[in-house]
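Reader: I've got a fold to look through and I'd like the reasoning behind the labels. Can you walk me through it?

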Amino acid sequence: MTTLAVTRPEEFIEFLEDDEPVNVVSAERPWKVLIVDDDPEVHQATLFALRGVTISNRKLELLNAYSSAQARVVLEAHPDVAVILLDVVMESHDAGLTLVQVIREELGRRDTRIILRTGQPGYAPELSVIRDYDINDYRTKSELTHTRLITTLTAAIRSYEQICALDENRRGLELLIETGNQLFVPRDVRAFAEVALKHLAGFFGGGAQCRVLRPFGGRGGAAGSR
(Lines give C-alpha, C1' and ligand atoms only; values in the text may rest on other atoms or scores of the structure.)
Protein backbone atom coordinates (compact mmCIF):
# COMPACT_ATOMS: atom_id res chain seq x y z
CA MET A 1 0.00 0.00 0.00
CA THR A 2 1.28 3.46 -0.91
CA THR A 3 1.95 5.99 1.85
CA LEU A 4 2.01 9.70 1.11
CA ALA A 5 4.00 12.26 3.10
CA VAL A 6 2.89 15.80 2.21
CA THR A 7 5.68 18.37 2.33
CA ARG A 8 4.08 21.35 0.58
CA PRO A 9 0.76 21.93 -1.15
CA GLU A 10 2.45 21.90 -4.55
CA GLU A 11 4.40 18.66 -4.22
CA PHE A 12 4.47 15.30 -2.42
CA ILE A 13 6.86 12.45 -1.80
CA GLU A 14 5.68 8.95 -2.61
CA PHE A 15 7.07 5.89 -0.85
CA LEU A 16 6.66 2.64 -2.80
CA GLU A 17 6.57 -0.91 -1.50
CA ASP A 18 9.23 -3.22 -2.92
CA ASP A 19 6.65 -5.10 -4.99
CA GLU A 20 5.13 -1.99 -6.59
CA PRO A 21 6.07 -1.07 -10.17
CA VAL A 22 8.55 1.77 -10.60
CA ASN A 23 8.63 4.09 -13.61
CA VAL A 24 11.40 3.05 -15.97
CA VAL A 25 13.65 5.90 -17.14
CA SER A 26 14.91 5.73 -20.70
CA ALA A 27 18.51 4.62 -21.16
CA GLU A 28 19.08 7.45 -23.64
CA ARG A 29 21.77 9.98 -22.79
CA PRO A 30 20.60 12.68 -20.35
CA TRP A 31 19.65 16.24 -21.21
CA LYS A 32 22.61 18.52 -20.50
CA VAL A 33 21.74 21.66 -18.54
CA LEU A 34 24.43 24.29 -17.95
CA ILE A 35 24.15 26.49 -14.85
CA VAL A 36 26.10 29.76 -15.21
CA ASP A 37 26.22 31.79 -12.00
CA ASP A 38 28.95 33.28 -9.81
CA ASP A 39 27.11 32.36 -6.60
CA PRO A 40 27.90 28.81 -5.36
CA GLU A 41 24.65 28.76 -3.37
CA VAL A 42 22.65 29.13 -6.58
CA HIS A 43 24.40 26.07 -8.00
CA GLN A 44 23.70 24.07 -4.84
CA ALA A 45 20.05 25.14 -4.72
CA THR A 46 19.52 24.31 -8.40
CA LEU A 47 21.18 20.92 -7.98
CA PHE A 48 18.95 20.16 -4.99
CA ALA A 49 15.79 21.30 -6.80
CA LEU A 50 16.51 19.20 -9.89
CA ARG A 51 17.78 16.09 -8.12
CA GLY A 52 16.06 13.03 -9.54
CA VAL A 53 14.01 15.02 -12.06
CA THR A 54 13.35 13.40 -15.45
CA ILE A 55 11.96 15.18 -18.50
CA SER A 56 10.63 13.26 -21.51
CA ASN A 57 11.82 10.08 -19.77
CA ARG A 58 15.43 11.26 -19.71
CA LYS A 59 17.54 12.28 -16.74
CA LEU A 60 19.31 15.60 -16.39
CA GLU A 61 23.07 16.11 -16.41
CA LEU A 62 23.93 19.39 -14.70
CA LEU A 63 27.07 21.24 -15.77
CA ASN A 64 28.47 24.18 -13.79
CA ALA A 65 30.27 27.41 -14.68
CA TYR A 66 30.99 30.32 -12.35
CA SER A 67 31.93 32.92 -14.97
CA SER A 68 31.43 33.71 -18.64
CA ALA A 69 34.89 32.38 -19.45
CA GLN A 70 34.18 29.06 -17.73
CA ALA A 71 30.82 28.84 -19.50
CA ARG A 72 32.50 29.17 -22.89
CA VAL A 73 34.96 26.39 -22.06
CA VAL A 74 32.12 24.09 -20.99
CA LEU A 75 30.07 24.86 -24.11
CA GLU A 76 33.02 24.17 -26.40
CA ALA A 77 33.50 20.80 -24.67
CA HIS A 78 29.78 19.92 -24.75
CA PRO A 79 28.17 20.77 -28.11
CA ASP A 80 24.88 19.12 -27.08
CA VAL A 81 23.89 21.37 -24.15
CA ALA A 82 20.10 21.63 -24.30
CA VAL A 83 19.42 24.47 -21.85
CA ILE A 84 21.48 27.19 -20.18
CA LEU A 85 20.34 28.76 -16.89
CA LEU A 86 22.23 32.02 -17.16
CA ASP A 87 22.80 34.74 -14.55
CA VAL A 88 22.94 38.35 -15.74
CA VAL A 89 25.27 39.97 -13.19
CA MET A 90 28.56 38.11 -12.69
CA GLU A 91 32.04 39.51 -13.30
CA SER A 92 30.30 42.59 -14.71
CA HIS A 93 26.77 43.98 -14.59
CA ASP A 94 25.99 42.69 -18.09
CA ALA A 95 28.24 39.61 -18.26
CA GLY A 96 25.28 37.31 -18.90
CA LEU A 97 23.96 39.42 -21.77
CA THR A 98 27.40 39.57 -23.36
CA LEU A 99 27.63 35.79 -23.07
CA VAL A 100 24.31 35.42 -24.92
CA GLN A 101 25.86 37.13 -27.93
CA VAL A 102 28.93 34.88 -27.72
CA ILE A 103 26.74 31.77 -27.56
CA ARG A 104 24.60 32.75 -30.53
CA GLU A 105 27.09 34.51 -32.80
CA GLU A 106 30.59 33.20 -32.03
CA LEU A 107 29.75 29.63 -30.97
CA GLY A 108 26.80 29.36 -33.37
CA ARG A 109 24.50 27.71 -30.82
CA ARG A 110 21.12 28.69 -32.23
CA ASP A 111 19.28 25.62 -30.95
CA THR A 112 20.32 25.71 -27.29
CA ARG A 113 17.59 27.26 -25.14
CA ILE A 114 18.71 30.12 -22.87
CA ILE A 115 16.82 30.97 -19.67
CA LEU A 116 18.06 34.25 -18.24
CA ARG A 117 17.95 34.48 -14.43
CA THR A 118 18.69 37.57 -12.39
CA GLY A 119 18.53 38.64 -8.79
CA GLN A 120 18.86 42.29 -9.82
CA PRO A 121 16.27 42.97 -12.54
CA GLY A 122 17.17 46.66 -12.64
CA TYR A 123 20.43 45.79 -14.40
CA ALA A 124 18.55 44.03 -17.20
CA PRO A 125 15.02 45.42 -17.77
CA GLU A 126 12.83 42.58 -19.05
CA LEU A 127 11.27 44.35 -22.05
CA SER A 128 14.56 45.57 -23.51
CA VAL A 129 16.29 42.24 -22.91
CA ILE A 130 13.53 40.26 -24.61
CA ARG A 131 13.60 42.70 -27.54
CA ASP A 132 17.36 42.98 -28.01
CA TYR A 133 18.73 39.53 -27.13
CA ASP A 134 18.08 36.04 -28.45
CA ILE A 135 16.93 34.46 -25.20
CA ASN A 136 14.04 32.07 -24.68
CA ASP A 137 12.87 32.98 -21.18
CA TYR A 138 13.55 35.62 -18.54
CA ARG A 139 12.98 35.03 -14.82
CA THR A 140 13.96 36.65 -11.57
CA LYS A 141 15.54 34.21 -9.15
CA SER A 142 12.88 34.91 -6.53
CA GLU A 143 10.08 33.71 -8.80
CA LEU A 144 11.81 30.48 -9.80
CA THR A 145 10.44 28.33 -6.99
CA HIS A 146 10.99 24.59 -7.08
CA THR A 147 7.88 23.91 -9.15
CA ARG A 148 8.32 26.93 -11.43
CA LEU A 149 11.94 25.98 -12.12
CA ILE A 150 10.94 22.48 -13.21
CA THR A 151 8.06 23.67 -15.40
CA THR A 152 10.24 26.34 -17.04
CA LEU A 153 13.01 23.83 -17.69
CA THR A 154 10.53 21.27 -19.03
CA ALA A 155 9.16 23.76 -21.56
CA ALA A 156 12.68 24.69 -22.67
CA ILE A 157 13.78 21.07 -23.12
CA ARG A 158 10.63 20.18 -25.06
CA SER A 159 11.31 23.13 -27.35
CA TYR A 160 14.91 21.99 -27.83
CA GLU A 161 13.72 18.44 -28.54
CA GLN A 162 11.32 19.66 -31.23
CA ILE A 163 14.02 21.79 -32.85
CA CYS A 164 16.36 18.78 -32.92
CA ALA A 165 13.66 16.64 -34.56
CA LEU A 166 12.96 19.28 -37.20
CA ASP A 167 16.68 19.71 -37.89
CA GLU A 168 17.14 15.95 -38.21
CA ASN A 169 14.22 15.68 -40.64
CA ARG A 170 15.58 18.55 -42.73
CA ARG A 171 19.01 16.93 -42.93
CA GLY A 172 17.37 13.65 -43.93
CA LEU A 173 15.57 15.36 -46.80
CA GLU A 174 18.78 17.08 -47.90
CA LEU A 175 20.55 13.71 -47.90
CA LEU A 176 17.79 12.11 -49.97
CA ILE A 177 17.98 14.91 -52.54
CA GLU A 178 21.76 14.72 -52.73
CA THR A 179 21.64 10.93 -52.98
CA GLY A 180 19.16 11.14 -55.83
CA ASN A 181 21.31 13.62 -57.70
CA GLN A 182 24.42 11.49 -57.35
CA LEU A 183 22.71 8.20 -58.23
CA PHE A 184 21.53 9.53 -61.56
CA VAL A 185 25.01 10.63 -62.67
CA PRO A 186 26.22 8.09 -65.29
CA ARG A 187 28.82 5.76 -63.78
CA ASP A 188 29.70 2.07 -63.58
CA VAL A 189 27.71 -0.37 -61.44
CA ARG A 190 30.36 -0.62 -58.70
CA ALA A 191 30.53 3.16 -58.21
CA PHE A 192 26.73 3.32 -58.23
CA ALA A 193 26.53 0.69 -55.46
CA GLU A 194 29.20 2.42 -53.36
CA VAL A 195 27.37 5.75 -53.47
CA ALA A 196 24.04 4.10 -52.65
CA LEU A 197 25.43 2.21 -49.64
CA LYS A 198 27.27 5.28 -48.37
CA HIS A 199 24.17 7.44 -48.36
CA LEU A 200 21.93 4.72 -46.92
CA ALA A 201 24.38 4.28 -44.04
CA GLY A 202 24.40 8.02 -43.43
CA PHE A 203 20.62 8.26 -43.55
CA PHE A 204 19.88 5.41 -41.15
CA GLY A 205 22.86 5.97 -38.87
CA GLY A 206 22.33 9.68 -38.19
CA GLY A 207 22.55 10.81 -34.54
CA ALA A 208 19.66 12.38 -32.64
CA GLN A 209 21.44 15.44 -31.31
CA CYS A 210 21.15 18.85 -32.91
CA ARG A 211 23.81 19.79 -35.40
CA VAL A 212 26.03 22.62 -34.12
CA LEU A 213 25.84 25.45 -36.63
CA ARG A 214 29.05 27.24 -37.51
CA PRO A 215 29.15 31.03 -37.19
CA PHE A 216 27.78 33.03 -40.10
CA GLY A 217 25.85 30.07 -41.45
CA GLY A 218 28.91 28.01 -42.41
CA ARG A 219 28.36 24.37 -43.32
CA GLY A 220 30.75 21.55 -42.72
CA GLY A 221 31.01 17.84 -43.10
CA ALA A 222 31.47 15.40 -45.96
CA ALA A 223 27.94 15.88 -47.24
CA GLY A 224 28.86 19.25 -48.71
CA SER A 225 31.94 18.01 -50.60
CA ARG A 226 31.82 16.63 -54.05
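Author: Sure. Start with what pairing means: two strands pair if DSSP finds at least two bridges between them. And keep in mind that this is a predicted model.

Reader: What makes β4 and β5 a pair?

Author: The cut-off is at least two bridges. β4 and strand β5 (residues 58-65) have 2 bridges, in the antiparallel sense, so they count as paired. Within that pairing, I55 stands opposite R58 in β5.

Reader: Why is β4 called an edge strand?

Author: Because β4 (54-55) pairs on one side only, and so does β8 (137-140). The open sheet has 6 strands in the order β4-β5-β3-β6-β7-β8, with mixed pairing.

Reader: How do you know which way helix α1 runs relative to β5?

Author: Angles run from 0 to 180 degrees between N-to-C directions. Helix α1 (residues 40-49) makes about 175 degrees with β5, so the two point in nearly opposite directions. Helix α1 also lies across β3 (31-36), β6 (81-87) and β7 (113-118). Helix α3 (residues 95-106) packs on the sheet too, touching β3, β6 and β7, and its direction makes about 160 degrees with that of β6.

Reader: What makes a residue count as buried, and what percentage of the chain does?

Author: A residue is buried if its relative accessible area is under 20%. Of the 226 residues, 36% pass that test. As for the outside, the chain exposes about 13,900 Å², with carbon and sulfur atoms supplying 57% of it.

Note on methods. Residues are numbered from 1 along each chain as its sequence is written. This is a predicted model: local features need pLDDT of at least 70, side-chain atom pairs count only at pLDDT 80 or more; totals for chains, interfaces and linings use all residues. Side-chain values use heavy atoms; hydrogens and water are left out. Helices (H or I, at least four residues) and strands (E, at least two) are DSSP runs, numbered from the N terminus. Contact means heavy atoms within 4.5 Å. Buried means under 20% relative accessible area, exposed over 50%, partly exposed in between (1.4 Å probe, protein chains only). Accessible areas come from the Shrake-Rupley method with a 1.4 Å probe; for residues, only the protein chains shown count as cover.
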